[in-house]
Amino acid sequence: CAKLTTINLGSCRNLTDAAVIALATHCANLTTIDLGNCTKITDAAVIALATHCANLTTIDLGNCTKITDAAVIALATHCANPTTIDLLRDLDHCANLTTIDL
């Protein structure tokens with residue numbers, strides 16, 4: 001999937017870190033990914049995306065309740081031109097993030 005730039009996996013509640021890590025590893029040209037409501041996703045998946053997909057500009061992590069500061073820091077550190085990092089569908093579901101990230 002070398003030419004894949006956009007993928008919508010939103011609301012795939014059984015999507016695992018392993019699947020996202022494999023995607024990140026093999027689809028380095030991703031610019032947009034929707035993982036909103038993928039409740040099993042953790043920092044490991046987001047860090048893999050940030051590390052392998054340097055052109056990532058848009059990522060939806062709304063209601064990904066297991067995401068912490070580490071994932072947001074990785075996106076800010078590794079992605080050259082992030083334009084949209086959506087974390088806020090419901091602030092109550094972002095309990096693992098500090099106000100620095102928001």
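Helices and strands are here DSSP runs, a helix having at least four residues and a strand at least two, numbered from the N terminus. With these elements in hand, I67 of this predicted model finds its place in the loop between β3 (58-60) and α3. Because its relative accessibility is 3%, I67 counts as buried. A residue from another part of the sequence makes a useful reference point: K40 is 27 residues away from I67 along the chain, and the C-alpha atoms of the two lie 9.6 Å apart in space.

The wider fold can be read in the same terms. The protein has 3 helices and 4 strands, and along the sequence they follow the pattern β-α-β-α-β-α-β. Of its 102 residues, 39% count as buried. Contacts across the sequence are also worth a look: among those between residues at least 6 apart, 79% join residues at least 24 apart.

The helix α1 (17-26) offers a clear view of how burial is arranged. Its buried residues are D17, V20, L23 and A24. These residues cover an arc of only 125 degrees around the axis, so they sit on the same side of α1. On the other side of the helix, A18 and H26 are exposed. The partners of the buried set can be named as well: the buried residues of α1 pack against β1, β2 and α2 (43-52).

From α2 the picture extends to the third helix. Two packed helices are described by the angle between their axes and the distance between the axes. For α2 and α3 (residues 69-78), the angle is about 0 degrees and the axes are 8 Å apart. Angles under 35 degrees count as roughly parallel, and α2 and α3 are therefore roughly parallel to each other. On the α2 side, the contact is made by D43, V46, I47, A50 and T51, while α3 contributes A70, A71, A74, L75 and H78. By residue type, this contact of α2 with α3 divides into 7 nonpolar, 2 polar and 1 charged.

The cysteines complete the description. The structure holds 1 disulfide, formed by C1 and C27, with their sulfur atoms 1.6 Å apart. The link between C1 and C27 is left-handed, with -75 degrees about the S-S bond. This pair ties together distant parts of the chain, 26 residues apart: C1 belongs to the segment before β1 (6-8), and C27 to the loop between α1 and β2 (32-34). With a relative accessible area of 0%, C27 is buried.

Other cysteines stay outside this link. C38 is in no disulfide, and the nearest cysteine sulfur, that of C12, is 5.4 Å away. A disulfide requires sulfur atoms within 2.5 Å, which gives the distance from C38 to C12 its context. C38 also counts as buried, because its relative accessibility is 0%. For C53, the closest cysteine sulfur is in C27, at 7.4 Å, and this is too far for a bond. C53 likewise counts as buried, at 0% relative accessibility.

Key:
Residues are numbered from 1 along each chain as its sequence is written. This is a predicted model: local features need pLDDT of at least 70, side-chain atom pairs count only at pLDDT 80 or more; totals for chains, interfaces and linings use all residues. Side-chain values use heavy atoms; hydrogens and water are left out. Buried means under 20% relative accessible area, exposed over 50%, partly exposed in between (1.4 Å probe, protein chains only). The arc is that of the directions from the helix axis to the C-beta atoms. Contact means heavy atoms within 4.5 Å. Axes are lines fitted to C-alpha atoms, for helices over the stretch in contact, and angles run from 0 to 180 degrees between N-to-C directions. Angles under 35 degrees count as roughly parallel, over 145 as roughly antiparallel, 65 to 115 as roughly perpendicular and the rest as oblique. Ala, Val, Leu, Ile, Met, Phe, Trp, Tyr, Cys and Pro count as nonpolar, Asp, Glu, Lys and Arg as charged, and the others, Gly among them, as polar.
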